[in-house]
Amino acid sequence: MTALLVTIMVVLYSFQSLFCKLFSEKYNSGSPALTSTVFSIFFGGFAGLVTLIISGFQFSPSPITWICGLSNAVMLLIYNTAMIQASRTGSYSFQMICMLFGAIVLQLVFGVVFQGESLSAMQLIAIVLMLISFVLINLKGLSLKGSSKKFLFWCAALFFSNGIYSILMNLQQQQMNGAQRNEMIILSYLGMAVMYAILQLFKDRKALVQGFKIPKKPFRYLIICCVCATTAVHMLVYILTLVDATILYTIDNGGVLMLSVIYSCILFKEKLSKMQLLGILMAIASIIMLSL
């Protein structure tokens, strides 16, 4: 049953990535930063408000949930900002590797150093295989030639923000024994949306108002993306009580990247290189080893 839940979660997160890409391609705001801001506010508001409705408007977070939730809202804000800034100044493949490594490596280090967790030799080998697969899948566009210190700074921000987000999600569930999942999601995502909205209102209120005039087609993609992502994050927070966080994040990130490459080949006619194929096979082997 747990394996089925993890599979569904990975598929939903891959759909989030797919429909986010379709939304970005069809929606023309005139500015990548504004596009990301509109997406973040809408998605954060959608996930937070839907969760609040599902919970019957019951909202009574403990101090630890307040701290973890609002901290995660900040991490999401930094993550989205870093994605935009890094994509403007350097290799997209390198920033993807930094983002993916962050979620796994930081959680692994935190679990071992601060929580006394231990993994078997096979699990460690599987995680290393997955990390190598990330590099192989992104190898085609991997280059730091001409990259500025600013680009490396934003890549580091991606690494740490994605990793700390993952740690906080797991930490809150451990501290609360699986309770207050809805409160954690509301604080993380609605908090992120509110922070983004406040910053954009100070920056350019007219642009924000104009940005929410979304045409029908990209709006449909946005809604589907939000539904998939909101469902997936609910499943993630629940599954964290059933599966070791490092293993779960390894399977999740590897599975989503692998499916995203497959979607690109099928839907966008992108050619699969030999290195990408090898990376996908290594990711599959890693997932199988972690599932045993």
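What follows is a chat about one predicted protein model and how its chain is put together.

Student: Before we start, what kind of model is this?

Tutor: It's a predicted model, where local features need pLDDT of at least 70, side-chain atom pairs count only at pLDDT 80 or more, and totals for chains, interfaces and linings use all residues. Residues are numbered from 1 along each chain as its sequence is written, and side-chain values use heavy atoms, with hydrogens and water left out.

Student: Cool. How many helices and strands does the chain have?

Tutor: The chain has 10 helices and 0 strands. Helices (H or I, at least four residues) and strands (E, at least two) are DSSP runs, numbered from the N terminus. Reading from that end, the order is α-α-α-α-α-α-α-α-α-α.

Student: And what radius of gyration does the chain have?

Tutor: The chain has 19 Å, which agrees with the value near 19 Å for a compact globule with 292 residues. The radius is taken over C-alpha atoms, and the globule rule is 2.2 Å times the number of residues to the power 0.38. Along its principal axes, the C-alpha trace spans about 55 × 45 × 35 Å.

Student: What share of the residues is buried?

Tutor: Buried residues make up 53% of the 292. Buried means under 20% relative accessible area, exposed means over 50%, and partly exposed is in between (1.4 Å probe, protein chains only).

Student: Where's the biggest greasy bit? I mean, which residues have the most contacts inside the largest nonpolar core?

Tutor: Those are Met9, Met169 and Tyr189, in a core of 90 residues. Helix α8 (residues 216-239) gives the largest share of this core, 12 residues. A nonpolar core here is a set of buried Ala, Val, Leu, Ile, Met, Phe, Trp, Tyr and Cys residues joined through side-chain atoms within 4.5 Å.

Student: What does methionine 9 touch?

Tutor: Leaving out neighbours within four places in sequence, methionine 9 is in contact with Ala232, Met235, Leu236, Ile239, Leu248 and Asp252. Contact means heavy atoms within 4.5 Å.

Student: How many of the contacts reach far along the chain, as a percentage?

Tutor: Take contacts between residues at least 6 apart in sequence: 88% of them join residues at least 24 apart. Leucine 208 gives you a feel for distance along the chain versus distance in space. The C-alpha atoms of leucine 208 and valine 38 are 170 residues apart along the chain but separated by 7.3 Å.

Student: Which helix is leucine 208 in, and is it buried or exposed?

Tutor: Leucine 208 sits in helix α7, and at 8% relative accessibility it counts as buried. Beyond four places in sequence, its contacts include Leu34, Thr37 and Ile41.

Student: Switching to helix α2: what does serine 36 touch?

Tutor: Serine 36 lies in helix α2 (residues 32-54) and contacts Asn80, Ile84 and Tyr196, setting aside neighbours within four places. Serine 36 is buried, with a relative accessible area of 14%. Alanine 33 lies in helix α2 as well, and alanine 33 is in contact with Ile84 and Arg88, again leaving aside neighbours within four places.

Student: What about glycine 102, how accessible is it?

Tutor: At 0% relative accessibility, glycine 102 counts as buried. Its place is helix α4 (residues 92-115). Glycine 102 touches Gln107, Phe159 and Gly163, not counting residues up to four places away in sequence.

Student: And asparagine 170, which helix is that in?

Tutor: Asparagine 170 is in helix α6, and it counts as buried at 2% relative accessibility. Gln107 is one of its contacts beyond four places in sequence.

Student: Okay, something odd now. Which residue in the loop between α6 and α7 is exposed, at 72%?

Tutor: That's asparagine 177, which has a relative accessible area of 72%. Asparagine 177 has a positive phi of about 55° although it isn't a glycine.

Student: Why is a positive phi worth a mention?

Tutor: Because most residues other than glycine have a negative phi. Glutamine 180 has a positive phi too, near 60°. Glutamine 180 is in the loop between α6 and α7, but it's buried, with a relative accessible area of 18%.

Student: Last one: how many charged side chains are there, positive and negative?

Tutor: There are 18 positive and 7 negative side chains, and the centres of the two sets lie 16 Å apart. Lys and Arg count as positive and Asp and Glu as negative, while His and the chain ends aren't counted. Each charge is placed at NZ of Lys, CZ of Arg, CG of Asp or CD of Glu.
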